[in-house]
Amino acid sequence: MTSTYKDSGTASLNDDEEFTDILEERRRNTDLGYALRTFNPQPYKGAPSCSTSDLNKAVLESQYLRYIAKEIALETGSSVEKVRQEARGILEEMSHNLQLGFIRLMAYTFNKVFKRLFRSIYVNMEGLNMLQQAIQESPVILMPNHRSYVDFLIVSFVLFTYDIPIPVIAAGIPLASMKVVGEILRRSGAFFIRRAIGSDKLYWAVLSEYVRTIVRTGCAPLEFYVEGFRSRTLKSVVPKLGMMDMVLEPYFKGEVFDITLVPISISYDRVVEESLLALELLGVPKPKESTTGLFKASRVLQEDYGCMHVNFGRPLSVRQLCEGKINRSEYNLIPRDLPQRPSTEIQDCVNWLAHLIVRTQEEGALISPWSLMACLLLQAPITTLTEEGLQWHGLTEKTLWLRKLVLDFRGRLNWPAHTPDSDVMSSTVALHHSIVHHKAGRVYLVQDGNPASQDPLSPEEKVMRTAAAVLMLVSYRNQALHVFVRPGILATAIHITKSTQKDELFSFFCFLRDVFSSEFIFIPGRASQDFDEACSLLQKCGAVYISQQEVTVLETGLEVLSFLQKLLQPFLESYQLIFRYLCENGAHVFTEKQFLPAVRNLATKLILSGDLHTFEVLSSDTQKNVLSALRRLEAVTKLRASQQNEYKVNKAAVRRTGDILSGKFPPESLHAIPDARL
C-alpha cells in the first residue's frame, strides 16, 4: 500500500488534497521491473498515430511554411528550394524523436537517481485523475513552474508511472549539445529551441508551425515553462509570451474546439542547485551544460534533498477562460494558413492567461517549514547571524506564530502532521546544513571560506562570501513570498504614507504594485481585487479594521504589520539604492554591462561602511528587475538602435519615483505626478 497524507494547509485550488509518495512502491520493487512495466496510455480521442517523420513532414509541407518560404525568397533573392532546405535543417535541429524505449531508459535512470536524492516524491492523485480525463477530451498543455534542472523530466516520470501519455517538452538548445545526454533527452520527448532567435523570420515560422501542429493534432501533450527559464531566485518569474502565443493560436483560429491548460506546481524542500544559483546572481558565470559537468555533479547524489511535491492543478479550459474576452472573428477575414498579427485584444488575453497560470502555480505550491524560518532569519541583523547567532528558542516560537499566519492567509503548508513541532524544525535546519548550523542553542549562517587559498580574504571578498550565503537563504524565503505579497504591500503602504484613508492607501498600493510587478506576479486588471484581498487578509488576522472609508491599524496587529513590512523592506532598499546610483552617476546613457558591476561595487562599499544592510541589491536579478520597472514607468528607455543593450535615463523621473517610494509626496498627490503612472 502506497503511503498517502493530506495537505494540512488550505489554498484556492483543491483543499485537503491527498498526496501519494510514488517513491515508496519504487523502493520495494526493482528498477528494471518498473522500467519494463506495461505502459498503456489513453491518448486524445481524435489524435492520429503520429511518428516524428510524419510530424516533421506535416510541418514542412504546411501551407503556412510554403508561404513564408516564398516571402523570404523574394526578400533575400534566394531560391524557394534553398529556403525550404534551410527550414528542413532548422527542423532537424529542433524536433523531438520520442521513443518508448528511451522513456523506459529514462524511467530506469531517474528511478535510481530520485531514490538517492529525495526521501519522497508526493503527487496529488485527484489532479492526476483530472489530467487523465482531460487528455482524452482536448489537446493538453502542461505548464510546470521551473526551479531546478530536476523539473525537466519529473512530469514525464510521473505520467509514465500512471499510464498517462508522455509529453513532448520545449527545452533550451544547450541541452541538445550535451554528448549522448542530448540525444537521450530528444528521444525522451524534448524538442530544442534556440535562446536568441531575434528577428530570424524563418526560425520563428518553423518553430511556431511545429508547435501549432502538435497542438492541432493532439498527438501528444505539450509541456513548456511559461516563465521561460529556470528561476534563479526560486521566486515566480514574469511569464514570457512567445510559446503561449503559439500554443493558443489554433484555438483563436478555430482549428481546435478547445485547449486545456494544466498548471503544475513543483515544490522542493531543498533545491539541488542552491549554491550555484546564488553564485550566478552574484555574477559568477553559469557552468556550461555538458555531459562531463553532469558526471562531475554526481556528488550531489551523496546529499539529502528532503521531499518534492508535484501538484497537478485543476485543468483550465481556454474556451471558458476566454469567453467574453476576445472576438475570434478577426481570424475569419484571411485564410488560416497565412500569417496574421494578433490584435491588441488577443495579445492582452494571452498576457492575462499567462499571468493567471503563474499565479495558479504559486497557489498550488507547498511551503516548507524551512521557508518560514528563512523569512524570519532574514529579518535578523546580519551580525547576529554571522557572529552572535540567533536564539533557537525565539526562532522556533516565531516560526510557529508564522505557521498560523500562513494558514490564515490561505497558504498551502507542507508541515508533517504527526511529528512534534520541535522535531520538524530541528530536522529542517539539519537538512539545510549548507546554509545554517545549530549550535549551543543558537543558529548561525554558514560562510564557506576558501580553503584552496592561503591568502586572507579582502573586505570585498568577505562581503561576497556572506552575500552568497544570504542569497541562498533569500531563495527559500522567496518560496513563501506569494502568500504575503498583497497584504505586505498594503502594510508597506500604511507604513510609508501613515494614512488611514482607504482611497489614499489604494493609490499607493497601486503605485507599489506597478513598481514591483517585475518582482511579484500580479494578474493584469486585478488591482482592485488585489487590494480587497489584502484588506480582507489583514482584517482576518486581526491586524486592521476595515470600514467603508478607512483602514484602521489595531494594537493586536502591530506584530503582523511589522513582519510584513520588514519582509518587503529589502526590495524597497534595493530599489532606492539603484535609483540613487542612476541619479548620481554622471552618464545619461549606460549599458547593462556597465550598470550591473557598477551597482554591485556601490552596494559593496555601502555594506562595508555600515550604510546599507541588505545584500539582495547585489543580485543581478534584482538589478535587472529595477531596470524593467523604470522602463515601465518611462523613467528609463532602451535605445532601439543599440546593439549593446544601451539605456537612456531620465534622472528627474527616477528621482521623483524614489521620492514617491520614500513617502515624500502625500498619497493624494500621486495622480498629479506625471511620471508616477498607476
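The following legends describe close-up views of a predicted model.

**View 1. An aromatic cluster in the predicted model.** Eight aromatic side chains are grouped here as one cluster: Tyr 34, Phe 39, Phe 110, Phe 114, Phe 118, Phe 157, Phe 160 and Tyr 268. In the structure as a whole, 24 aromatic pairs are found.

**View 2. Arginine side chains placed over aromatic rings.** The ring of Phe 257 has the charged end of Arg 319 above it, with 3.9 Å between that end and the ring centre. In a second case, the face of Trp 415 is covered by Arg 403, at 4.6 Å from the ring centre.

**View 3. The span annotated as an acyltransferase domain.** An unreviewed UniProt entry lists residues 140-269 under the name "domain: Phospholipid/glycerol acyltransferase". Within residues 140-269, helix accounts for 38% and strand for 19%. The C-alpha atoms at the two ends of this span are 29 Å apart.

**View 4. Packing of helix H3 against helix H11.** Helix H3 comprises residues 52-60, and helix H11 comprises residues 201-217. Their axes lie 9 Å apart and form an angle of about 125°. H3 is therefore oblique to H11. The crossing of H3 past H11 is right-handed. On the H3 side, the residues in contact are Leu 55, Asn 56, Ala 58 and Val 59. Their partners in H11 are Val 206, Glu 209, Tyr 210, Thr 213 and Ile 214.

**View 5. Packing of helix H21 against helix H22.** Residues 459-497 make up helix H21, and residues 502-515 make up helix H22. An angle of about 120° separates the two helices, and the distance between their axes is 9 Å. This angle is why H21 counts as oblique to H22. H21 passes H22 with a right-handed crossing. From H21, the contact involves Arg 486, Ile 489, Leu 490, Thr 492, Ala 493, Ile 494, Ile 496 and Thr 497. H22 contributes Leu 505, Phe 508, Phe 509, Leu 512 and Arg 513 to this contact.

**View 6. Packing of helix H22 against helix H27.** Helix H27 is formed by residues 651-661, and its axis is 11 Å from that of H22. The packing angle is about 130°, so H22 is oblique to H27. H22 and H27 cross in a left-handed manner. Phe 508, Phe 511 and Leu 512 are the H22 residues that meet H27. In H27, the corresponding residues are Thr 657, Ile 660 and Leu 661. Phe 508 and Leu 512 of H22 take part in the contact with H21 and also meet H27.

Technical notes: Residues numbered from 1 in each chain as written. Predicted model: local features only at pLDDT ≥ 70, side-chain atom pairs only at ≥ 80, totals over all residues. Heavy atoms only, no water. Phe/Tyr/Trp six-rings, centres within 6.5 Å; stacked < 30°, edge-to-face > 60°. Lys NZ or Arg CZ within 6 Å of the ring centre and 35° of its normal. UniProt positions renumbered as here; feature names shortened; annotations may be inferred. Helix = DSSP H or I, 4+ residues; strand = E, 2+ residues; numbered from the N terminus. Axes fitted to C-alpha atoms, helices over the stretch in contact; angles between N-to-C directions. Parallel < 35°, antiparallel > 145°, perpendicular 65-115°, else oblique. Left-handed = near helix turned anticlockwise from the far one by under 90°. Contact = heavy atoms within 4.5 Å.
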